[in-house]
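Work through the exercises below with the sequence and the coordinates open. Each task is followed by a solution in steps.

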Amino acid sequence: MFIQVKNLSKVFKKNLAVDKINFHIEKNKTVGLLGPNGCGKTTSIGMMLGLIEPSEGEIIIDNKNLVSFKRDDILARINFCSPYIELPKKLTVKQNLEVYGRLYGVKNLSERILEISEDLDIKNFFKRKTGELSSGQKNRVSLAKSLINKPEILLLDEPTASLDPDIGDFVRSYIQEYRAKNQVTILLASHNMNEVERLCDSIIMMKKGKIIDRGTCNEIIKKHGRNNLEETFLKLARSRDELQ
Amino acid sequence: MNFSKIYALGLRHIYLISNSLPRIIDLIYWPTVQIFLWGFISKFFTLSSDYYSNTVGIILTAAILYDFLFRVSISFNMMFLEEIWSRNFTNLFIAPIRISEIITSLTLTAILRALIGLVPAAILAIPLFGVSVFKLGLPLLFLLLPLYLFGVTLGLLVTSGLLRFGPSFENIAWASLFFLAPLGCIYYPIEILPYSLQILAKGLPLVHIFEEMRNILLNNTVNYFDIIKSISISIVYFILGVIIFYSSYLGAKQRGTLINMGE
């Protein structure tokens, strides 16, 4: 298994945010992490990024324990994109990509910046300050930053939140295309069920810090007797009994 | 330690400065205002005080050195705050960089920012008031070194507070240096302080630095023992600052505050 999460828990003071979750992701697969707000998705991603210290459990990436192994060696192979974090607003798009390319030790950086900029169609506002861009433009720049190091593992937290349908579709298509061309394992946290159905090989459903169900989209929809993932999500989110 | 990454972190701040003329002006403005202010005050003392009649420039030199300390510390804090304000904190801390590389980058970039402001002001003081801080000669470097280390230490302590308490600690960043200024004996000899405060003051490197500065300017001699003492004390504080920073970082990881810093 490329990513293994074993008995992972996080307690903030007396609040159990993540409760002994176990899952694995095979190499080059895309897994959706679903669940209502406050179910522990962001905390789980934070632990996988090394930003939050687990209270218990292990995260093993390519046979290396994230906690005990040198963090920068593993982080060089990962990247993260979320509309809730931003790049320095006063730097131009090109300057931001240059800074992050250097931080990730990207070789032939100029070529990589050019390549990713053409792919994501951001070259025409290359010299504009990031803070002056529209949400859609910022989102694409943020995605470019998250792909600058050609990550083996990409963590996406609601990558198309607040985007109009056109740009949202562009981003989803790009992720699909990128995944087809590159060796990348993706963990996608999203509240957009169409997006999850379109992009994910399988899903993990969380609620109150626990994993309550997992499987392919079709398996889970069928298991709960619903027509689509949206209806299945609502059933699971609203149910009192936690299923596994 | 990867110097390419340290350079990249520094580059982010160099771009920030070079992209904005108001930022450059701001960096130069405050030291220049200080020079003007203290230039006129010391001129007044020169004309009306016997004590200062033979020591033109002591106050102005002290102001320049104190401003160097102030600039280093504020620059360190500012660069850290920029990451919080721009909500770039998470991006930075998930990049494959070590905490030692972040500290090194902030430390090196802080001196660059401090010098951008200070050098023009120090040069301006020569024609305006006939005072050159460069007259201290080589010992100037030995005075600047502990000031630099102590400025970085104060920056480390404030940024540790930001990691521990979040952006609400920001106001402390601005006020941090003013807390220490009265004990630092920047503009007056240590004997002015009450005895109990003198004991506290001797635990700070500032007293030894500014006492030695006055000694050089008044007596034209250099007491290297005092200089070594000030450097040694600064190193001890610096090591303490690094330990506190690491401890705050680990505490922030435990509390999960790194992921939503700035929100």
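## Exercise 1: contacts of a core residue

Leu188(A) is in contact with Thr30(A), Gly32(A), Leu33(A), Leu156(A), Val196(A), Leu199(A) and Cys200(A), leaving out residues up to four places away in sequence. A contact means that two C-beta atoms, placed from the backbone, lie within 7 Å. The model is predicted, so local features need pLDDT of at least 70 and side-chain atom pairs count only at pLDDT 80 or more, while totals for chains, interfaces and linings use all residues. Residues are numbered from 1 along each chain as its sequence is written, and chains are lettered from A and ligands numbered from 1 in the order in which they are written.

Task. Determine which residues touch the most other members of the largest nonpolar core.

Solution.
- Step 1. A nonpolar core is a set of buried Ala, Val, Leu, Ile, Met, Phe, Trp, Tyr and Cys residues joined through C-beta atoms within 7 Å. Buried means that 20 or more other C-beta atoms lie within 10 Å of the residue's own; with 12 or fewer a residue is exposed, and in between it is partly exposed.
- Step 2. The largest core has 134 residues, and those touching the most other members are Ala144(A), Leu155(A), Leu188(A), Ile64(B), Leu65(B), Phe68(B) and Leu147(B).
- Step 3. The element that gives the most to this core is helix 4 (residues 58–85) of chain B, with 18 residues. Helices (H or I, at least four residues) and strands (E, at least two) are DSSP runs numbered from the N terminus.

## Exercise 2: three residues of chain A

Task. State whether Thr30(A) is buried or exposed, and list what it touches.

Solution.
- Step 1. Thr30(A) lies in strand 3 (residues 30–34) of chain A.
- Step 2. Thr30(A) is buried because it has 22 C-beta neighbours inside 10 Å.
- Step 3. Beyond residues up to four places away in sequence, Thr30(A) touches Arg179(A), Ile186(A), Leu188(A), Leu199(A), Cys200(A) and Asp201(A).

Task. Place Lys20(A) and Lys208(A), and give the phi of each.

Solution.
- Step 1. Lys20(A) belongs to strand 2 (residues 15–25) of chain A. Its phi is near 45°, a positive value in a residue other than glycine.
- Step 2. Lys20(A) is partly exposed, because it has 14 C-beta neighbours inside 10 Å.
- Step 3. Lys208(A) sits in the loop between strand 9 (202–207) and strand 10 (210–215) of chain A. The phi of Lys208(A) is also positive, near 45°, in a residue other than glycine.
- Step 4. With 15 C-beta neighbours inside 10 Å, Lys208(A) counts as partly exposed.

## Exercise 3: the contact between the chains

Task. How many residues does each chain bring to the contact, and which helix of chain A supplies the largest share of its side?

Solution.
- Step 1. Chain A contributes 26 residues and chain B 27 residues.
- Step 2. On the side of chain A that touches chain B, helix 1 (41–48), helix 2 (71–75) and helix 3 (93–103) of chain A each supply at least two residues.
- Step 3. The largest share of that side, five residues, comes from helix 3 of chain A.
- Step 4. By class, the side of chain A that touches chain B has 15 nonpolar, five polar and six charged residues. Ala, Val, Leu, Ile, Met, Phe, Trp, Tyr, Cys and Pro count as nonpolar, Asp, Glu, Lys and Arg as charged, and the others, Gly among them, as polar.

## Exercise 4: helix packing in chain B

Task. Describe how helix 7 of chain B packs against helix 11 of chain B and helix 10 of chain B.

Solution.
- Step 1. Chain B has eleven helices and zero strands, and buried residues make up 44% of its 263 residues.
- Step 2. The axes of helix 7 (residues 139–165) and helix 11 (residues 224–255) of chain B come within 8 Å and cross at roughly 20°. Axes are lines fitted to C-alpha atoms, for helices over the stretch in contact, and angles run from 0 to 180 degrees between N-to-C directions.
- Step 3. Helix 7 of chain B is therefore roughly parallel to helix 11 of chain B. Angles under 35 degrees count as roughly parallel, over 145 as roughly antiparallel, 65 to 115 as roughly perpendicular and the rest as oblique.
- Step 4. The contact of helix 7 with helix 11 of chain B has 20 nonpolar, eight polar and one charged residues.
- Step 5. The axes of helix 7 and helix 10 (residues 205–219) of chain B come within 10 Å and cross at roughly 160°, so these two helices are roughly antiparallel.
- Step 6. Pro139(B), Leu143(B), Pro146(B), Leu147(B) and Phe150(B) of helix 7 of chain B meet Pro205(B), Leu206(B), Ile209(B), Glu212(B), Met213(B) and Ile216(B) of helix 10 of chain B.
- Step 7. By class, the contact of helix 7 with helix 10 of chain B has ten nonpolar, no polar and one charged residues.
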